[in-house]
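Biologist: Please take a close look at the helices here, and at the loops that lead into and out of them. What packs against what, and which residues are buried or exposed?

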Amino acid sequence: MLKVTEIFKSVQGESTRVGLPCLFVRLTGCNLRCRWCDTEYAFYGGKSMSVDAIMDALAPHRISLVEITGGEPLLQEEVYPLMQALLDRNYTVMLETGGSLSIERVPAAVIKIVDLKCPGSGEVLQNHYDNLGRLQAHDEVKFVIADRTDYEWSRDTLRKYDIDQKAQVLFSPVYDKLPLKDLTEWVLEDGLPVRVQTQLHKWIWGKDAIGV
């Protein structure tokens, strides 16, 4: 059984698939407490659901892209059979993980979005850098950036580990904290091989909306 906070239909708000219709399975629980977290409601509670029940909830929507998110989905052991069940039914599967836990057991076909925590998050010491050696070309590494200090740390980390040679790299500003224009100008000044992105769902429905 899995603890599930919500299952909903929306568009991809982030990632290289931004704007595409997507089904989201938000699992409950997180081992981190990022200062800018916008999903604190997923830390506790949730509804117990079997893998089969989750599959049944997804089936009527006829959307082939699914993201498993949280919280931190890798905290729950049953997430691995859930990912495999989705793959077996020909879904394109994305996993968003906070980057503090190993992705070693995640099925190879899953698109892993690994969040590297910047200093401004308060959780930079929790980064599991071994994950960078397990990335595949279809995976993505996301930096959520709050200020110039976060940006410079992200830039230097990108270069230190040659992350862009392993996977797609996403630089995203903390919504309502760092102007998208500033981040874009910094990236252009330094000629970084990254994708600047914002949280599209917040521009569509507002920063406080949930279930979208």
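Modeller: Buried means under 20% relative accessible area, exposed means over 50%, and partly exposed lies in between (1.4 Å probe, protein chains only). This is a predicted model, where local features need pLDDT of at least 70, side-chain atom pairs count only at pLDDT 80 or more, and totals for chains, interfaces and linings use all residues. Residues are numbered from 1 along each chain as its sequence is written, and side-chain values use heavy atoms, with hydrogens and water left out.

Start with the first helix pair. Helices α1 (residues 51-58) and α2 (residues 79-88) pack at about 40 degrees, and their axes are 10 Å apart. That angle makes α1 oblique to α2. Axes are lines fitted to C-alpha atoms, for helices over the stretch in contact, and angles run from 0 to 180 degrees between N-to-C directions. Oblique is what remains after roughly parallel (under 35 degrees), roughly antiparallel (over 145) and roughly perpendicular (65 to 115). Helices (H or I, at least four residues) and strands (E, at least two) are DSSP runs, numbered from the N terminus.

Who makes the contact between α1 and α2? From α1 come V51, I54, M55 and L58, and from α2 come P81, L82, A85 and L86. Contact means heavy atoms within 4.5 Å. By class, this contact of α1 with α2 has eight nonpolar residues, no polar ones and no charged ones. Nonpolar covers Ala, Val, Leu, Ile, Met, Phe, Trp, Tyr, Cys and Pro; charged covers Asp, Glu, Lys and Arg; the others, Gly among them, are polar.

Stay with α2. Seven of its ten residues are buried, so α2 is largely enclosed by the rest of the structure. The buried ones are V79, Y80, L82, M83, A85, L86 and L87. Helix α1 is part of their cover. So are four strands: β1 (2-11), β2 (21-27), β4 (65-69) and β5 (92-97) are included in it.

V79 belongs to α2. Its relative accessible area is 0%, so V79 is buried. Setting aside residues up to four places away in sequence, V79 touches L2, L27, I68, P73 and L74. V79 and V106 are 27 residues apart in sequence, yet their C-alpha atoms are 9.1 Å apart in space.

Now the way into α2. The loop between β4 and α2 holds G71 and E77. The peptide bond from G70 to G71 is cis, with omega near 10 degrees. E77 is partly exposed, because its relative accessible area is 48%. From E77 to E123 the C-alpha distance is 23 Å, with their positions 46 residues apart in sequence. On the way out, N90 comes just after α2 and takes a positive phi of about 70 degrees.

Next, the loop between α1 and β4. R62 lies there, and so does I63. What sets these two neighbours apart? R62 has a relative accessible area of 81% and is exposed, while I63 has 14% and is buried. The backbone of R62 also stands out: phi is near 55 degrees, a positive value in a residue other than glycine. I63 is in contact with K9, P21, C22, L23 and Y91, leaving aside neighbours within four places in sequence. The C-alpha atoms of I63 and I145 are separated by 31 Å, and the two residues are 82 apart along the chain.

That leaves the second helix pair. Helices α3 and α4 pack at an angle of about 35 degrees, with axes 11 Å apart. R148, Y151, R155 and R159 of α3 meet L183, W186, V187 and D190 of α4. By class, this contact of α3 with α4 has four nonpolar, no polar and four charged residues.

What is buried in α3? D150, Y151, W153, S154, R155, T157 and L158 are. Their cover includes α4 (180-190), together with strands β6 (111-116), β7 (140-145) and β8 (168-173).

One loop residue remains. D176 sits in the loop between β8 and α4. D176 counts as exposed, because its relative accessibility is 60%. Phi of D176 is near 70 degrees, again positive in a residue other than glycine.
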